[in-house]
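Q: Please take a close look at one part of this model, the largest nonpolar core. Which of its residues touch the most other members?

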Amino acid sequence: MVKHNNIRPNIHMHKDYQRWIKTHFDQPLKKKRRARLRRRKAATKAPRPAQKLRPIVQCPTQRYNMRQRAGRGFSLLELQSAGLKPQYARTIGIRVDPRRRNRSQEGLSRNVRRLKKYTSSLVLYPLAPRGKDRKNKEKMIQFLMAEQKAKVQMAKYVNYLKEPMPVKSTKEIASVVNVDEVPDYNAWGTMKNEWCIKKHHFRWRRRDIRTAYKKKMEEEKKKKKAAKGK
């Protein structure tokens, strides 16, 4: 209800909402454009794969840690174990992640084997001579011979891969075990006990040191009192 002697309200909410509307009618054409750019990139990079080599890592959290996937890049320790330097690895199609840390020996050895397998089947094309070296016949002949040799090696690999050595996660099927073969002990209780010992080890150690020190001091006091009594 209108109150007091004011102007009669006659509000027209003409908000220019057309300015805030976004349409995506060009989505199908953008999809085609992305596919065309991917093909162009693959053609320019050929015979190299479109993507770089990535490590095998375990998924985080307790729910998915049994599943494997492709990681961001190889750690510095993995490259060092495989006999590669990070700067050189990046030039031969290997992804590097300097922040990643190896938590287990199993994961480290698995990725080192992956790197060694990749480098063993790698075909490196020679760099073309530049500047004055282009007029040097000996260097040009060496370059052409090395290039021909690389092309012959490359002819073995007919199939073109989008990603080198792709990672595929396979489900582990549980095997049937005889009940007689299973050891008769409390597995959960043993794990819980080990966890408890690991968590409270230093606290218990400090407690034992403190009690041993108190006991030693009390014994010394008793000895002093006994010496005075004599």
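A: Start with burial: 17% of the chain's 230 residues count as buried (under 20% relative accessible area; exposed is over 50%, and partly exposed lies in between, with a 1.4 Å probe and protein chains only). The model is predicted, so local features need pLDDT of at least 70 and side-chain atom pairs pLDDT 80 or more, while totals for chains, interfaces and linings use all residues. Residues are numbered from 1 along each chain as its sequence is written, and side-chain values use heavy atoms, without hydrogens and water.

The largest nonpolar core has 13 residues; such a core is a set of buried Ala, Val, Leu, Ile, Met, Phe, Trp, Tyr and Cys residues joined through side-chain atoms within 4.5 Å. The members that touch the most others are L53, F74, L79, L84, A89, I94 and L115. Helix 5 contributes the most to this core, 4 residues (helices are DSSP runs of H or I, at least four residues, and strands are runs of E, at least two, numbered from the N terminus). In soluble globular proteins, nonpolar side chains tend to be buried together.

L84 serves as an example. With neighbours within four places in sequence left aside, L84 is in contact (heavy atoms within 4.5 Å) with L79, I94, L115 and T119.

As for the chain around this core, 7 helices and 2 strands are present, in the order α-β-α-β-α-α-α-α-α along the sequence. Of the contacts in the chain with a separation of 6 or more, 59% are between residues 24 or more positions apart. The C-alpha trace spans about 105 × 100 × 55 Å along its principal axes.
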